[in-house]
Amino acid sequence: MNPPPQRALAARLAGSLLVAAASLVGLGPPARAAVVLTAGEATIALETTGPPPRVGLSRLQTWVTGAAAIVRGYYGTFPVPRVSIVITVRGAGAGVDGGRTFGGTSPRIEVEVGKLVSDEALTDDWVLVHEMVHLALPEVDDEQNWLAEGIATYVEGVARVQAGNLAADALWQEYFSDMPRGLPGVGDRGLDHTHTWARTYWGGALYCLVADVRIHQQTANRRGLSDALRAIRDAGGGMREVWSVKRILDAGDAATGTTVLADLYHDMAEQPSAPDLARLFRDLGVEAVSGGVRLRDDAPLAAVRRAITAPPARRP
Ligand SMILES: [Zn+2]
C-alpha cells in the first residue's frame with residue numbers, strides 16, 4: 001500500500017524535517033471535519049484531521065473527487081460502493097506524504113498531507129490514485145503482494161494519462177527509467193518468493209506492462225489489461241474480499257479471451273524471469289533522447305502503446 005520507494009524516500013525525508021518544524025510552531029489540538037462526497041454511484045466519507053491546510057478544506061475535497069474521477073475512468077465505475085478516506089494534515093510540508101489502503105467490509109484509505117500542501121501538488125498527485133486503485137483488487141496472500149502493488153503502481157500512471165492528468169511522454173519516461181528496477185537481481189527468485197521493494201512495486205508493474213502489451217497484441221488492440229481488471233472487480237467486491245491468485249487471474253483472462261495473465265504469472269512468479277525490456281521499449285516506440293524519451297509512431301507496437309493510454313471511450 002505504500003508508494004513506490006523512490007517516491008516514498010523523498011516523502012520520508014521531507015516528513016522527518018517537517019515533523020520537527022511542526023513541533024516548533026505548536027499547532028495545537030487537531031480539528032476534525034467530515035463530509036460525504038459522491039463518485040458516480042459510490043459514496044466517499046471524507047474526514048480531515050489536523051490543522052486546516054493553506055489551500056482550504058474544499059480544495060482537499062476536489063482533490064479527492066478528482067482522483068476518484070481518474071479511477072472511475074479506468075474502471076468504468078468507482079471500485080467499491082463506499083469508502084472512508086481520512087486525510088491527516090500534519091507538518092508544514094507542501095506535498096502529499098503517503099497513503100495506505102485497508103480492505104475488509106468497510107474499506108478505508110488514510111493519507112497525509114502537509115499543512116502547506118500546494119494546489120499544484122494536489123493536481124499532480126499520484127498517491128491517492130494509487131490507493132484508490134488498490135480498492136479494485138481483492139486482497140491476496142502476502143506472497144502475491146507484488147500483484148496488488150504492481151497493479152496500483154502501473155494503473156495509477158495509465159489511468160492519469162487516460163484522464164488527461166499526466167502527459168503520455170512523462171508516463172513512458174517514468175516506465176523507461178523505473179521498470180528496470182523490477183528485473184530480478186543477482187540471487188533474486190520469482191516474484192512470489194523475493195519480496196524486496198523493487199521486485200514488489202516495479203516487478204509487479206513490469207508484470208502489468210508486459211501483460212497489457214500482450215493482451216493488446218493478441219486481441220488486435222480490442223482488449224487490454226483494464227478489461228481484465230474491470231472484470232476482476234466486477235466479479236467480486238474488490239478489496240472487500242479475499243481471493244486466491246488463481247481466481248483473480250482466471251477471471252481476468254476470461255474477460256480478454258486469452259491466457260496472458262496466467263501464462264505470465266507462471267513465467268514470473270516462480271522463477272526470476274527477465275523480460276527483454278530494451279526490445280519491448282524499442283518495439284513500443286519509446287526511445288531515449290537527451291533529457292527524456294521520444295515517442296515514435298513508426299515503431300512496430302506504437303499502436304499498442306497509444307491504445308494503452310487512450311481514454312476508454314475512444315478505444316476501437
Ligand atoms: Zn500500494
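This is a guided tour of one chain, stop by stop, with a selection to make at each stop and a note on what is found there.

**The whole chain**

Begin with everything shown, and bear in mind that this is a predicted model. Colour the chain by pLDDT: the mean is 91, and 89% of the residues reach 70 or more. Then select residues 5-27, where pLDDT stays under 50 and for which the model has 19 contacts beyond four places in sequence. With a cartoon drawn, the secondary structure comes to 12 helices and 7 strands. Of the 316 residues in the chain, 51% are buried, and the accessible surface comes to about 13600 Å², with 53% of that area belonging to carbon and sulfur atoms. If you compute a contact map, consider the contacts between residues at least 6 apart in sequence, among which 69% join residues at least 24 apart.

**The zinc ion**

Select the zinc ion next, together with its protein donors, which are His130 through NE2, His134 through NE2 and Glu149 through OE, lying 2.1 Å from the ion. Along the sequence these donor residues follow the spacing H-x3-H-x14-E. Now show helix 4, residues 127-134: because His130 and His134 are 4 residues apart in this helix, about one helical turn separates them. An α-helix has 3.6 residues a turn, so residues three or four places apart point the same way. Colouring by accessibility will show both His130 and His134 as buried.

**Strands 1, 2 and 3**

Move to strand 1, residues 32-39, and add strand 2, residues 42-49, which pairs with strand 1 in the antiparallel sense over 8 bridges. To follow the register of this pairing, pick Leu37, whose bridge partner in strand 2 is Ile44, and then Ala39, which stands opposite Ala42 in strand 2. Strand 1 and strand 2 form a hairpin with 2 residues between the strands, and in this hairpin Gly40 takes a positive phi near 65 degrees.

Stay with strand 2 and bring in strand 3, residues 82-89; these two strands run parallel and are joined by 7 bridges. Ala45 is a useful residue to label here, since it stands opposite Ser84 in strand 3. Of the 8 residues of strand 2, 6 are buried, so this strand is largely enclosed by the rest of the structure.

Before leaving, select Thr38, which lies in strand 1 and is exposed, with a relative accessible area of 56%. A distance drawn from the C-alpha of Thr38 to the C-alpha of Thr65 reads 7.6 Å, although the two residues are 27 apart in sequence.

**The loops on either side of helix 8**

Select the loop between helix 7 and helix 8, where Ala220 is found, and Asn221 with it. Most residues other than glycine have a negative phi, and most peptide bonds are trans. Ala220, however, has a positive phi of about 50 degrees although it is not a glycine, and the phi of Asn221 is likewise positive, near 65 degrees. Which of the two is buried and which is exposed? Ala220 is exposed, with a relative accessible area of 54%, whereas Asn221 is buried, at 14%.

Continue to the loop between helix 8 and helix 9 and pick Val242, which counts as exposed at 62% relative accessibility. Add Leu137 to the selection: it is 105 residues from Val242 along the chain, and the C-alpha atoms of the pair are separated by 9.0 Å.

**Helix 10**

Now select helix 10, residues 260-269, in which Val260, Leu261, Leu264, Tyr265, Met268 and Ala269 are buried. Turn the view to look down the axis of helix 10, and these buried residues fall within an arc of 125 degrees, so they line one face of the helix. To see what this face meets, show helix 5 (145-162), helix 7 (197-218), helix 8 (225-235) and helix 9 (245-256), against which the buried residues of helix 10 pack.

**Strands 6 and 7**

The last stop is strand 6, residues 286-289, with strand 7, residues 292-295; the two run antiparallel and are joined by 4 bridges. Label Ala288, whose bridge partner in strand 7 is Val293. These strands form a hairpin with 2 residues between them, and Gly291 in the turn has a positive phi of about 85 degrees.

Methods. Residues numbered from 1 in each chain as written. Predicted model: local features only at pLDDT ≥ 70, side-chain atom pairs only at ≥ 80, totals over all residues. Heavy atoms only, no water. Buried < 20%, exposed > 50% of the residue type's maximum accessible area, 1.4 Å probe, protein only. Arc of directions from axis to C-beta. Contact = heavy atoms within 4.5 Å. Areas by Shrake-Rupley, 256 points an atom, 1.4 Å probe, with all protein chains shown as cover. Donors = N, O, S within 2.8 Å, 3.2 Å for Na, K, Ca; no water. pLDDT = per-residue confidence, 0-100. Pairing = 2+ DSSP bridges.
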